[in-house]
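Biologist: I'd like a close look at one part of this model, please, and then a walk outwards from there into whatever surrounds it. Keep it casual, but stick to what the coordinates say.

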Amino acid sequence: MTPILLIIPLAFAILTLLLPRHWVRAIIIPGLVLQVGAAVLLCMEIYQHGPQDYALGDWQAPLGISLIADGFSVTLLALTALIAALCAIYAQYFLTRYPREQRYFWPLFWFLLAALNGIWLAGDLFNLYVGLELLGLSAVGMVALTAEKTTLKAALDYLYAALFGSLAYLAGVALLYGAYGTLSIAQLSDMAAANPTTQVALALMTVGLLLKTAIFPLHYWLPPAHGGALAPVSALLSALVVKASFYILALLWLDVGALAVTVTAAQAMGALGAGAIFWGSWQAFQTRQIKMLVAYSTVAQLGYLMLLFPLAIGVSEAAAQLAWQGTILHLLAHAFAKAAMFLAVGTLVLALGHGRINDFGGVSQRNPVALFAFGLSAVSLMGLPPSGGFNAKWLLLQSAIASGQWHWFVVMIIGGLLTAAYVFRVFRVSFLQSAKHEIQDTHPALQLSALALALMAIALGFVSELPLSLMNLTDIAPATMGGTP
Amino acid sequence: MTALLPVFVLATSLITAVLIFILPERYYRLRVSLNLAAAVLKIVLVAVMIAGIANQVDYEFRYELLPGIDLVLRADALSMLFAGLSSVLWLFTTLYAIGYLEGAPNRSRFFGFFSLCVASTMGIALAGNLFTFLIFFELLTLSTYPLVVHRGTEESLRAGRTYLKYTLGGGAVLLVGVALMYGLVDQTGTMTEFAETGTLSALPSEQHFTLAVIFFVLIAGLGVKAALVPLHGWLPVAMVAPAPVSALLHAVAVVKAGAFGIVRVIYNIYGVEFAWQLGVLLPLAILASITIIWGSLRALQQVEMKKRLAYSTVSQVSYIALGACLFGPIGTIGGIVHLLHQGIMKVTLFFCAGNYAETLGIHKIKDLDGVGRRMPLTSIAFTLGAFGMIGVPPLAGFISKWYLGIGALDAGMGWVIGVLILSSMLNAGYFLPIVYRLWFKPKQGPWPDEHIKAARFETHGLLLWPTVATAVFSLAAGLFAAHAWSPLSWASLIAFREYLP
Amino acid sequence: MTLIMYLLHHIPLPLLVVFPLVLACCVRTDTARRRGWMLIAAPLPMLLAVLLWYAQGQPEFITEIPWLMLGLHWRFDNTLAPILLMTVLLWTVAGIYVWQQLRDNSADQQPHIARYIRCWLLTLSGNIGLLVAGDIASFYTLFALMTFAAFGLVIHTQTPNALFAGKVYILLAVIGEGLLLSGLIWGAAHAAAGELTPTAPLISSLPAAIAASANGVWIALLLFLGFGVKAGLAGLHWWLPLAHPVAPTPASAVLSGAMIKAGLVGWLLTLPLGDFAAGGNFANVASLAVILGLIGAFGAALMGVFAKKAKAVLAYSSVSQMGMITVMLGTGWLYDAAWEAILAAIVVFAVHHGFNKGVLFFGVGWVSALSGRAATLMLVFLLIPALNLIGVPFSSGEYAKDLFKHVIADLPVGLLYPIFSAGALATTALMARYFYLLRKH
């Protein structure tokens, strides 16, 4: 069952490359259905039978390619399938104005999915590297789709960042392999000790991944890339792609290198996160372009993910578990909400013909659904109830209380208010009655797919139990995370 | 069925909100009938539940939201007081709003958020634990913002910004308080159930300081919406909203939610006896008293009708907090019953202000000269509301003050009477001149901007009759106070259940 | 007759009080001028009921409606019955006066007739109602109704003077209501101590509760001052000489004759007098009453002789007369054993003053409407109430004062006796001024 999730996207990637244009359109829906169906089936299987290992071609570790489907990875698989499906539906209607870009969008889209699924399922560090490379390249390709001057520049920056990040990561992998002779995550987590080699390797990989995840202050490439790409691309990048490198980072710190990381280092990671929250929010508050606002919002929101490290390392088991659960929920909620937000904003920009926030007057009358989707996703981003974002924030707050780390508590509370500050900029002007320019109607599918994603972010507030109980089926159980004294 | 009834009550306005959002702007009739049908249905459901509560039926709906944390919708006597107020006023404000907004743009959005706002207050009323309360409290902030800025003018946007600053800030503080409560005191989530009163008193005395701190954090969070001085700044500014919104905000939705939360924290989380032992009630009582006097003093200075009413709300709502701080059943009754009494009286006053503005274009108090003759029914309603606020019998406000005063003496806080009387006199100071202008001053020149000519009635029927109805309520609530089905009797029931376990 | 008896016992008292309110609702702006009869009709049911009750030999007569307000308890009170009768009669006569004015159109052609009639009916309802209300809440309700509605009577003419008088009136009234309410709540809290829900206690339970309270003196002081505003207590009397000259003549008559007595009734009902004052707990407040009463009695007379209008003179006279009543009350309060006798004297004095002062006020209107010989005859007729007030031998005034003087003859208040007699001189001076001003007119 497990490999199918790699095979489907790869197969469709090649198909869309080869088939003529009108065929490409025709196979989108079947592909999505297959992909979502497979993810759901795998979820149910894991839910019933527990985590599964799968050795590709029956080659066992340390040499072979092993795929691990545990609670965490299937959750992310399902998330990926869902968001990708809705983005694809959106893209179908959105790209009608971009015939040339459409040609390349679909192959890249499927490659991107394959890379993501590969990362979620990978059982060793090298597979993760392969996934990262594929992901980076397809993502850069998607950013560069429109081939305008600014987007090309952004894509180039992104490319350099991705390459440098991969390089740093690869160097770390090599060091670890040299020291321990294996790349299997499961084996490394037992073996890796707190020696300089491990720590240097981890440091290298961390820097690379921080760059790829666009964590402050290495976020410079993200806003132009995410803000400049086409709406469905931005949605995919912000919702999923950056999460992949964070996922690897979390694996490294809490599983592979659990014995090697120190509390100080974890606190430093948290400090980066806090910096991201404040800096990203401030920039989002300052910018004039709506898409840049959303992109900077991603920078800020990624900061919350970084709080996982200080909250989960060197604390009691209960606190670590809360931090872990909170982070998962935040990852999911942000993915839904940010995808929804980019899609909604894309629709609004399409309708208005520009992205200047201060000229958004009157948009609420012509595109209420898109604006409403924006609003709902904003609720989750601000961490207001009822939403997945709120539940995530709640768990993180509880974790901070449980471990007595009041500084992170304060950071999160202020972060929520800062989010509100920049999000409500958009609402404020959208309530203005007068429209300065003509506003076009947009296809309902565009508005509705954004709304669907936003509703999922809200609904996550009511079904948080589901991913959290799936999470318990992981072999990176929280119990092993709080190891370092 | 008993588990689902609270959900249905909530759903009547929540689903209505969704349907209204979906309905295109032009389906005027469908929207109106939908809205009114839902409002009536809600009143029926609430009535059924009130009858059930009186007979000790337990209505509880529980759903696990996070590990160890439940979403609880639970109806008890106190929640039904608030739910009853909210459902009745929903009907009247909706009727009023239909008349008020006739022909205005964006009605679909308005009524959608209006219903959502009522759904939030319903949720606040029915919340069965602190966590659920927090959820709906924040939802209320979100659903009222679009109503405050509804007009879309620069001024209303500015007001909206102030409103957000205060309420989101307050929401964050409340979140801190609730998170601390769960994280430091009540990891199991049982002590923050409203049904379990006074369990905190079992905690060891080392934790008492923590509990006192959390108490004030919670009050600070709730105090923004309850407009306790110095957190009241948003309220007068939010007056730019359309009249039915102001009415709803002041009478049942926002300020009341804050006051209701304070009552919940004192009675259902800490337990009034324990709170008294902690010594947190006296500071709150003093703060509430300061608010009462300060609000009245500021109201005296206002020249605009709605601003004056707004400051009056600042003052009046704190009676509820004050009553909650009076340890003893009678003070409790006074505070709780004022929750309802203030609601019906204030909604009347805002309806009247809206009628004057919509019919004659009058916004300033000085333009009210001689209006009594042109709009007698509205002016009678205003007079009743104003006298009720002053605390003149037999209106509802007198009953509140009577019980608050006796309750204060019971609790050994005789100085509160001084506050009550001083406030009454200040109330008289800012309401009587208006009443005087209405009835005793001759008309000065033409009306500022007469939109609606006097035909069969003095103004549009949908503006007039809700006003008259709520005025009659404020009279009846006082006149029949001792009746078994009066708000006062219901408040007594709540107090008995609180004090006699 | 049996039917009437049946009605008397089964029609609840509140209907008699609400009847004027119902009439008030039926007044319309366009036809108000033809509704003068309402003012006569409004007090009639109550008048009938009181007379029948007297005819029956004053049986116990109580209406209880537990679900109205905080529990309604109304009754005919034996002690207050004479004041009630006087009040109803005075309102009826004043009503006739207004009706005639409206019918003849001789009244100053003012607008706002409808408002005038409505306020009149509301005030009337409050005034007669508070005399039968036996629970605190409804008593206070009707007291407030009377107070606020009378504002409309005071400022009816809308002249600058009237508006100013109205301002002073409402200011003092609000202060009075505040003092009153705090006193009532404070007292009621003691009366209802130990009960979980205080439905308003009976007003008759207040004196005992106040006497038993540790803070009784303060409660008594609040109530004394609160009612004192209405009773024209020296220091709180400022509205009287301002309001009476500007109000329409019949309104002045009821203000001074009947409504001013409402304050006295409040004192009699709520203060811990008689047995409750035994032990001298309230000697301070009682002494204050005597002092303020004396200041009122003579100070007002002094001010009155310099007044420029006949009705102002009468107003000062009212303050002066109420001062005497206050002295009587204070004396009775100090010497609890003599209270029963003094109470009788106070009631007689109140009734006597109400009637005579009422007639003197009407006189102002009558004289100004007449001329020549008729006016002179009217002046002669007005000598009767004037002499009554002064208390010449064989007058109602002499009777009332004698009642009091007999009591104090046995008390160790030797100084009071001559002082009280000197009050007659003060009244004489005021009456002289009154006639002087009338004649000049």
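Modeller: Let's take residues 127-425 of chain B: over that stretch the chain is 75% helix and 0% strand, and the C-alpha atoms at its two ends sit 37 Å apart. Bear in mind that this is a predicted model. The boundaries come from UniProt, where an unreviewed entry gives residues 127-425 of chain B the feature "domain: NADH:quinone oxidoreductase/Mrp antiporter transmembrane".

If you want strands in chain B, go to residues 59-66, which form E1(B), and residues 69-75, which form E2(B). These two run antiparallel and are joined by seven bridges. One facing pair to pick out is Phe61(B) and Leu73(B), the latter in E2(B). Together E1(B) and E2(B) make a hairpin with two residues between the strands, and Gly68(B), in the turn, has a positive phi of about 80°.

Now for chain B's neighbours. Two pairs of chains are in contact, and chains B and C share the most contacts. Chains A and C have no contact joining them, and their closest C-alpha atoms are 40 Å apart.

Take chain A against chain B: 25 residues of chain A and 26 residues of chain B make up that contact. On the side of chain A, helices H17 (388-402), H18 (406-430) and H20 (465-471) each put in at least two residues. H17(A) gives the most, with seven residues. Sorted by class, this side of chain A has 17 nonpolar, six polar and two charged residues.

Over at the contact between chains C and B, 27 residues come from chain C and 26 residues from chain B. Here the elements of chain C that give two or more residues are helix H7 (136-154) and helix H8 (160-191). H8(C) brings the largest share, ten residues. The side of chain C that touches chain B splits into 20 nonpolar, six polar and one charged.

Since we've arrived at chain C, here is its overall build. Its secondary structure is 18 helices and two strands. Chain C has a radius of gyration of 21 Å, close to the 22 Å the globule rule gives for 441 residues, so it is as compact as a globular protein of that length. Its C-alpha trace spans about 65 × 50 × 45 Å along the principal axes. Of the 441 residues in chain C, 59% are buried. Among contacts in chain C with a separation of 6 or more, 78% link residues 24 or more positions apart.

Two spots inside chain C deserve a zoom. Helix H6(C), residues 113-130, has 18 residues and reaches 26 Å from first C-alpha to last, close to the 26 Å expected at 1.5 Å a residue. H6(C) is mostly covered, with 16 of its 18 residues buried.

The other spot is Phe361(C), which belongs to helix H15 (residues 339-369) of chain C. Phe361(C) counts as buried because 30 other C-beta atoms lie within 10 Å, where the cut-off is 20 or more. Leaving out residues up to four places away in sequence, Phe361(C) touches Thr249(C), Ser252(C), Ala253(C), Ser256(C), Lys311(C) and Leu314(C). As for Leu131(C), 230 residues from Phe361(C) along the chain, the C-alpha atoms of the two are separated by 23 Å.

How values were computed:
Residues are numbered from 1 along each chain as its sequence is written. Chains are lettered from A and ligands numbered from 1 in the order in which they are written. This is a predicted model: local features need pLDDT of at least 70, side-chain atom pairs count only at pLDDT 80 or more; totals for chains, interfaces and linings use all residues. Helices (H or I, at least four residues) and strands (E, at least two) are DSSP runs, numbered from the N terminus. The radius of gyration is taken over C-alpha atoms; the globule rule is 2.2 Å times the number of residues to the power 0.38. A residue is buried if 20 or more other C-beta atoms lie within 10 Å of its own, exposed if 12 or fewer, and partly exposed in between; C-beta atoms are placed from the backbone. Two residues are in contact if their C-beta atoms, placed from the backbone, lie within 7 Å. Two strands pair if DSSP finds at least two bridges between them. UniProt positions are given in the numbering used here, feature names are shortened, and annotations may be inferred rather than shown by experiment. Ala, Val, Leu, Ile, Met, Phe, Trp, Tyr, Cys and Pro count as nonpolar, Asp, Glu, Lys and Arg as charged, and the others, Gly among them, as polar. The expected span of a helix is 1.5 Å times one less than its number of residues.
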